[in-house]
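User: I am learning to read protein structures and would like to go through this one step by step. Could you show me the sequence and the model?

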Amino acid sequence: MTDKTLRTLAVDIGGSGVKVMVLDEKGNPLTERDRVKTPKPPKPEPILDAIASLASKQTFDRVSVGFPGVVKEGVTYTAVNLDPDWHEFDLATALSQRLEKPVRAVNDADMQGLGAVSSQGVEAVITLGTGFGFGLFLRGQLVPNVEMGHHRFRKGETYEEQLGRAALDKIGKKRWNNRLKRAIASLEHLLNYDTLYIGGGETKHIDFELPANVKIVPNVSGLLGGIALWKD
């Protein structure tokens, strides 16, 4: 019998906020979610400083990070809604050195999906926030770095250009919801998924009845998925 549970600090880096929460070995929250606004400009060092500040209030043994872009082996390659300095930035190593704990990093929509999927058949996840995140799973196994957000959707624009926060602010909720309906239909025809999960801060603006195989998941899923990164 161990004297304490292995504690994981789950970190979600977003275009508008940086969030953390401590989880036990089963993925249950041990703390409330803590949040600060994403630093401006959103370059690596200020964001690492923000994470370190949030982490200083917590006790943990390891760290899981969700990042809004392509992540390979802990290195970030794209960060459309952050800063070009993230290109080929070794996030996992830099944060591990800063916090003196082991760190694993993954795309934020992938981490959200890890906290939401049922491991049944083909499951997809989209996140509606500053940008448009996407994750794909087969029987619970992640297909990493499928960047659907930057794929052409309609009228020569990508899913992110049509459905990101800037588009919502520009065209209003009614037209944005109509676009989202089309996006859901397009993704179902493309992927033939069994279930689609929708997360992110802009889900609060969805005003139509979703298909039976589409579910809204809470933002906390983006942190709860952090425990899955350590299941080898």
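Analyst: The questions below deal with helix packing and then with a sheet. This is a predicted model, in which local features need pLDDT of at least 70 and side-chain atom pairs count only at pLDDT 80 or more, while totals for chains, interfaces and linings use all residues. Residues are numbered from 1 along each chain as its sequence is written, and side-chain values use heavy atoms, with hydrogens and water left out.

User: At what angle do helix H1 and helix H2 pack, and is H1 oblique or parallel to H2?

Analyst: Helices here are DSSP runs of H or I with at least four residues, and strands are runs of E with at least two, numbered from the N terminus. Angles run from 0 to 180 degrees between N-to-C directions of axes, which are lines fitted to C-alpha atoms, for helices over the stretch in contact. H1 (residues 44-55) and H2 (residues 91-99) have axes 10 Å apart and pack at about 45°. Because angles under 35 degrees count as roughly parallel, over 145 as roughly antiparallel, 65 to 115 as roughly perpendicular and the rest as oblique, H1 is, at about 45°, oblique to H2.

User: In which order do the five strands form the open sheet, and which are the edge strands?

Analyst: Two strands pair if DSSP finds at least two bridges between them, and the pairing in this open sheet is mixed. The five strands follow the order S3-S2-S1-S4-S8. Pairing on one side only marks the edge strands, S3 (34-37) and S8 (103-107).

User: How many bridges join strand S4 to S8?

Analyst: S4 (residues 62-67) and S8 run parallel. Ser-64 has Arg-104 as its bridge partner in S8. The bridges that join S4 to S8 number five.
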